[in-house]
Amino acid sequence: MGIVAHFPEETMMHSQSIDSLEWRGMEHAPMDGTNILVAFHEEMARGRGYPVDVMHYEDRPLFGKTWTSAGHDWSCDLDCIVGWISLDDLPELPSLSKV
């Protein structure tokens with residue numbers, strides 16, 4: 001598809017894994033409330049402080065149909081998102097444990 005997500009320098013810890021994912025266009029995103037990983041446009045990523053978020057599509061009483069963050073009460077329009085990937089398609093990240 002050729003979607004390119006731009007990640008701020010300070011978020012580069014896992015950027016190689018994120019950059020290598022196969023991002024899909026939002027026209028194919030599930031609109032049934034399923035949580036997905038979305039990549040923000042560069043300006044939005046800089047403003048939010050992170051390039052991706054887990055979001056779902058819903059009809060909110062005050063905002064109408066919008067993409068809403070699964071982690072907090074924040075929404076954005078489609079124009080702030082550059083692509084998406086299913087949470088099931090994410091690679092496993094190494095677990096961190098105390099030594």
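With which side chain does the side chain of Ser-69 make a polar contact? The partner is the side chain of Asp-53, at 2.9 Å, in what is a predicted model throughout the views below.

**View 1. Ser-69 and its surroundings in strand β3.** Ser-69 belongs to strand β3, which covers residues 64-69. With a relative accessibility of 3%, Ser-69 falls under the 20% limit and therefore counts as buried. Its side chain makes a polar contact of 2.9 Å with the side chain of Asp-53, and Asp-53 is also listed among the residues that Ser-69 touches, together with Val-54, Met-55, His-56 and Trp-74, when residues up to four places away in sequence are left aside.

**View 2. The chain as a whole, with its order of elements.** Two helices and five strands make up the secondary structure of the chain, and from the N terminus they follow one another as α-β-α-β-β-β-β. The chain has 99 residues, of which 35% count as buried, and it exposes about 6700 Å², with carbon and sulfur atoms supplying 52% of that area. Among the contacts between residues at least 6 apart in sequence, 50% join residues at least 24 apart.

**View 3. The open sheet of five strands.** The strands are arranged in the order β4-β3-β2-β1-β5, and their pairing is antiparallel. The edges are formed by β4 (75-76) and β5, each of which pairs on one side only. In a regular strand, side chains alternate between the two faces of the sheet.

**View 4. The pairing of β1 with β5 and with β2.** β1 and β5 are paired in the antiparallel sense over five bridges, and within this part of the sheet Phe-40 stands opposite Ile-81 of β5. The antiparallel pairing of β1 with β2 runs over four bridges; here Leu-37 has Val-54, in β2, as its bridge partner.

**View 5. The hairpin between β2 and β3.** Three residues form the connection through which the hairpin joins β2 to β3, and the two strands, which run antiparallel, are joined by six bridges. His-56 has Thr-68 in β3 as its bridge partner. Arg-60 is found in strand β2 and, at a relative accessible area of 11%, is classed as buried because this value lies under 20%. Leaving aside residues up to four places away in sequence, Arg-60 touches Thr-66, Thr-68, Asp-73, Trp-74 and Ser-75.

**View 6. The largest nonpolar core, with Trp-67 among its members.** This core has 14 residues, and those that touch the most other members are Met-26, Val-38, Phe-40, Met-55, Trp-67, Cys-76 and Ile-81. Two or more residues are given to the core by each of β1 (36-40), β2 (52-60) and β5 (81-86), and the largest share, three residues, comes from β1. Apart from this core lies another, of six residues, among them Leu-21, Trp-23, Leu-37 and Ile-85. The contacts of Trp-67, not counting residues up to four places away in sequence, are with Met-26, Ala-29, Pro-30, Ile-36, Met-55, His-56, Tyr-57, Trp-74, Ser-75, Cys-76, Leu-78 and Ile-81.

**View 7. The disulfide between Cys-76 and Cys-80.** The sulfur atoms of Cys-76 and Cys-80 lie 2.3 Å apart, and the two residues form a disulfide, the count for this model being one. A disulfide is a covalent bond between the sulfur atoms of two cysteines. Both Cys-76 and Cys-80 are buried, and Cys-76 is also one of the residues that touch the most other members of the largest nonpolar core.

**View 8. Pro-30 in the loop between α1 and β1.** Pro-30 is placed in the loop that lies between α1 (15-19) and β1. Not counting residues up to four places away in sequence, Pro-30 touches Ile-36, Tyr-57, Trp-67 and Trp-84. Of these contacts, the one with Trp-84 involves residues that are 54 apart in sequence, whereas their C-alpha atoms are 9.7 Å apart in space.

Key. Residues numbered from 1 in each chain as written. Predicted model: local features only at pLDDT ≥ 70, side-chain atom pairs only at ≥ 80, totals over all residues. Heavy atoms only, no water. Buried < 20%, exposed > 50% of the residue type's maximum accessible area, 1.4 Å probe, protein only. Polar contact = N/O pair within 3.5 Å; in protein donor to acceptor, adjacent residues only side chain to side chain. Contact = heavy atoms within 4.5 Å. Core = buried A, V, L, I, M, F, W, Y, C linked by side-chain atoms within 4.5 Å. Areas by Shrake-Rupley, 256 points an atom, 1.4 Å probe, with all protein chains shown as cover. Pairing = 2+ DSSP bridges. Disulfide = S-S within 2.5 Å.
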